[in-house]
Amino acid sequence: MDFVAGCIGGAAGVLVGHPFDTVKVRLQVQSVDKPLYRGTFHCFQSIIRQESLSGLYKGIGSPMMGLTFINAIVFGVQGNTMRLLAHDTPTHQFLAGAAAGTIQCVICCPMELAKTRMQMQGTGEKKPSKKLYKNSLDCLVRIYRREGLWGVNRGMLTTLIRETPGFGVYFWAYDVLTRSLGCEPDNRYMIPKLLFAGGMAGIASWLSTYPVDVIKSRLQADGVGGVNQYSSIADCVRQSVRKEGYMVFTRGLTSTLLRAFPVNATTFATVTLVLMYARRSEEGLSDCEPAQPGHHTQIKQQPSSL
């Protein structure tokens, strides 16, 4: 059931947050010599004016397909790891989240590569004169034909560096907050509390690894015009700091945090409510079954966290 809940939560999160992600990527990879956008809100306005509202949803196919499965993997692996660890503590939540973050990189990296390339395609044009990629799948197929498996997994190391601790912080923060707020099923303010805890957990996760995300986006967008700027992660860091200073690592942070709260509030609340509904249904069915002689059923109280 963890996998199904993750799927539903992932799809809800993508619909809410993709426009903010498009703005984040545009700001992260724009040229420092000839910047197109002055900031987050100017980027939003420019994309809508120049490319229409659909410009904000460029590349949504990749995360809609990928993030649905990614969230299924993340919440499934996290749930199963917590069962293996047996004790529900914030430290175990961190370890389970880190394990989930590591495993989902196999899907996350190619998905984000396609998303980034699609988001950069036709920048500033309402109707791009020349489309390099038809859709996210076509993008990955073309990259594979040109660069092989290595090309499809461009940015894998930075993705691992971002996702492993990032998801650890994600689940740790959610666990700590839900315990502190008292998100029990009978609490009348349970849903607002879940939304708040999920949103803040998303913000904490992004803040902990955001500089790595800037480098990952630059590496994955590199070569879109046919010319590669960076030869390695270290070279990308060096060039970025030399040209733009250390503030380069905050590029697009405003849109990321604006996106992080509603997306993760929606995702976590959806997953939690789906799991609670499923558990209640299972308990209801078990109550209808006749008790076996010599056995009595004990319903374990679920912890406030996932």
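A residue counts as buried when its relative accessible area is under 20%, as exposed when that area is over 50%, and as partly exposed in between. Keep that rule handy, as we'll use it often on this walk through a predicted model.

Let's start with the whole chain. The protein has 10 helices and 0 strands, so reading along the sequence you meet nothing but α after α: α-α-α-α-α-α-α-α-α-α. Of its 306 residues, 50% count as buried. The accessible surface adds up to about 15400 Å², and carbon and sulfur atoms make up 63% of that. Now think about who touches whom. Take the contacts with a separation of 6 or more: 77% of them are between residues 24 or more positions apart.

How far does the predictor trust its own picture? The mean pLDDT of the chain is 83, with 85% of the residues at 70 or more. Over residues 290–306, though, the pLDDT is below 50, and this stretch has 22 contacts in the model beyond near neighbours in sequence.

Next, have a look at helix α8, which covers residues 190–221. This helix bends by about 65° at Thr-209, and a proline, Pro-211, follows within four residues. Just after α8 you'll find Gly-223, which takes a positive phi of about 95°.

Now for the charged side chains. The model has 17 salt bridges. One of them joins Asp-88 and Arg-179, with N to O at 3.1 Å. These two are 91 residues apart and link distant parts of the chain: Asp-88 is in the loop between α3 and α4 (90–103), while Arg-179 belongs to helix α7 (residues 156–181). Are they buried or partly exposed? Asp-88 has a relative accessible area of 23%, so it is partly exposed. Arg-179 has 37%, so that residue is partly exposed as well.

Another pair is Arg-218 and Glu-244, whose side chains meet in a salt bridge at 2.8 Å, N to O. This pair also links distant parts of the chain, with Arg-218 in helix α8 and Glu-244, 26 residues apart from it, in helix α9 (residues 233–244). Both Arg-218 and Glu-244 are buried.

Then there's Glu-163, which forms a salt bridge with Arg-162; their closest N and O atoms are 2.9 Å apart. Both of these residues are buried too. They also take part in something wider, a network of salt bridges that links Asp-21, Lys-24, Glu-112, Lys-115, Arg-162, Glu-163, Asp-213 and Lys-216.

Pick Lys-115 out of that network and zoom in. You'll find this lysine in helix α5 (residues 105–120). Its relative accessibility is 5%, and because that is under 20%, Lys-115 counts as buried. What does Lys-115 contact, leaving aside its neighbours within four places in sequence? The list is His-18, Asp-21, Val-25, Gly-59, Ser-62 and Pro-63. Asp-21 is also a member of the salt-bridge network.

Finally, head out to the surface. Here Ile-48, Leu-53 and Tyr-57 form a nonpolar patch, with about 270 Å² of accessible area together. Tyr-57 sits in the loop between α2 (40–51) and α3 (61–85). Why does this tyrosine count as partly exposed? Its relative accessibility is 31%, so it falls between the cut-offs of 20% and 50%.

Note on methods:
Residues numbered from 1 in each chain as written. Predicted model: local features only at pLDDT ≥ 70, side-chain atom pairs only at ≥ 80, totals over all residues. Heavy atoms only, no water. Patch = residues over 30% accessible without salt bridge, like charges linked within 9 Å, V, L, I, M, F, W, Y side chains within 5 Å. Areas by Shrake-Rupley, 256 points an atom, 1.4 Å probe, with all protein chains shown as cover. Salt bridge = Lys/Arg side-chain N within 4 Å of Asp/Glu carboxyl O. Buried < 20%, exposed > 50% of the residue type's maximum accessible area, 1.4 Å probe, protein only. Contact = heavy atoms within 4.5 Å. Bend = angle between axes of the 7 residues up to and from the residue. pLDDT = per-residue confidence, 0-100.
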